[in-house]
Amino acid sequence: MALITRDVDRFETARPRLEAIAYRLLGSASEAEDAVQETFLRWQAADVGRIEVPEAWLTKVLTNWCLNQLTSARARRETYVGRWLPEPLLAGDPMLGPADTAEQRESVSYAVLVLLERLSPGERAVYVLREAFDYPHREIAEILDITEAAGQQIYHRAKKHISDGKVRTEIDEAAAQRIVEEFLAAATSGRTEPLVRLLTQDAVSVGDGGGKVPARTKAFEGALAVAKFMRGLFKPSAAKRAHVGGVPEIYATTANGGPAIVAVVDGRVVGITCLEITAEGIAAFRTQANPDKLGRANGQWAATDHGEGPLHTL
């Protein structure tokens with residue numbers, strides 16, 4: 001059924017919210033875009049005039065499509081090369097969605113996106129709709145075709161799984177910049193001790209290369225092991241330059257609302273490392289280097305002013 005301009009406009013008005021929901025559910029910007037496009041095709045085929053609450057209808061279609069994708073994604077990730085990490089989004093990306101409350105900001109933090117991978121698809125959907133978009137339990141039940149009581153139980157179970165992780169510290173962009181600068185100064189000092197002092201004792205470092213670029217399958221664990229790895233990672237070398245096809249420039253920025261390090265070669269983002277900050281120090285480094293998961297970040301990077309330039313080159 002052909003849509004009139006008004007109906008297309010109604011969908012486009014809903015698109016930013018739908019993209020933000022899909023990104024949190026799937027952990028992938030490209031898959032979120034596909035989910036929204038599929039929702040549009042179903043909107044286009046529907047008898048729109050008979051849909052009483054378009055927002056609720058669109059959310060239900062999108063969420064259930066994402067649930068199907070999450071179920072199949074579990075099987076695909078069993079054959080994924082190396083560690084699977086979510087696709088990071090740089091500051092200013094509209095797909096990050098609402099950030100008015102602490103709950104909304106935390107729900108899209110990189111650390112929480114990683115924790116969401118531990119939840120069942122249903123738990124993930126309930127948590128995202130409630131925590132990030134403040135949907136009432138009644139509406140969540142209607143979207144997922146469950147009872148309101150069941151939805152509440154699922155939400156509390158999911159929230160407990162997420163809360164069992166480390167207590168994260170919320171910081172602003174200026175603080176994120178300072179943390180990254182302090183870390184880079186320690187990482188490039190040539191000594192391990194300054195790095196160890198910045199880390200928690202149980203710090204971890206893990207990367208996602210997707211089989212496209214080298215990335216260690218097993219995480220580095222413990223402050224000393226992580227510090228030694230980071231010291232070597234940020235040491236300039238001809239091998240690194242040959243591998244990425246140029247001189248990597250290192251910038252401090254924010255991704256998913258937290259401090260991040262971006263490696264750029266000739267204007268192209270080749271890696272994003274998200275730092276997880278707790279009151280005790282830096283608890284985790286999660287590096288996305290799979291080029292398939294950096295496309296949207298590249299677009300955002302190209303459209304952003306980067307001030308005085310890189311903090312370091314490798």
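Two residues count as being in contact when heavy atoms of theirs lie within 4.5 Å. With that in hand, the two halves of the story can be told together. The model is a predicted one, and the domain assignment splits the chain into domain 1 (5-165) and domain 2 (173-313). The domains do meet: 27 residues of domain 1 are in contact with 24 residues of domain 2. Measuring from centre to centre would be another way to look at it, and here the C-alpha centres of domain 1 and domain 2 lie 28 Å apart.

Now for the chain as a whole. It holds 13 helices and seven strands. Its C-alpha trace stretches over about 65 × 40 × 40 Å along the principal axes. The radius of gyration comes out at 21 Å, which agrees with the value near 20 Å that a compact globule of 314 residues would have. Of those 314 residues, 49% are buried. Contacts also reach well along the sequence: taking those with a separation of 6 or more, 68% are between residues 24 or more positions apart.

On the outside, the chain exposes about 14900 Å², and carbon and sulfur atoms supply 51% of that area. As for charge, there are 37 positive and 42 negative charges in the chain, and the mean positions of the two sets are 7 Å apart.

Two residues give a feel for the finer detail. One is R42, found in helix α2, which covers residues 29-45. R42 has a relative accessibility of 39%, so this residue counts as partly exposed, given that the partly exposed class runs between the 20% and 50% cut-offs. Setting aside neighbours within four places in sequence, R42 is in contact with W57, V61 and W65. T13 makes a handy reference point too: R42 and T13 are 29 residues apart in sequence, and their C-alpha atoms are 16 Å apart in space.

The other residue is E123, part of helix α6, which takes in residues 121-132. E123 has a relative accessible area of 8% and is therefore buried, the cut-off for that class being under 20%. Once residues up to four places away in sequence are left out, E123 touches I154, R157, A158 and H161. Put side by side, R42 is partly exposed, whereas E123 is buried.

How values were computed:
Residues are numbered from 1 along each chain as its sequence is written. This is a predicted model: local features need pLDDT of at least 70, side-chain atom pairs count only at pLDDT 80 or more; totals for chains, interfaces and linings use all residues. Side-chain values use heavy atoms; hydrogens and water are left out. Helices (H or I, at least four residues) and strands (E, at least two) are DSSP runs, numbered from the N terminus. The radius of gyration is taken over C-alpha atoms; the globule rule is 2.2 Å times the number of residues to the power 0.38. Buried means under 20% relative accessible area, exposed over 50%, partly exposed in between (1.4 Å probe, protein chains only). Accessible areas come from the Shrake-Rupley method with a 1.4 Å probe; for residues, only the protein chains shown count as cover. Lys and Arg count as positive and Asp and Glu as negative; His and the chain ends are not counted. The place of a charge is taken as NZ of Lys, CZ of Arg, CG of Asp or CD of Glu. Domain bounds come from an automatic or database domain assignment.
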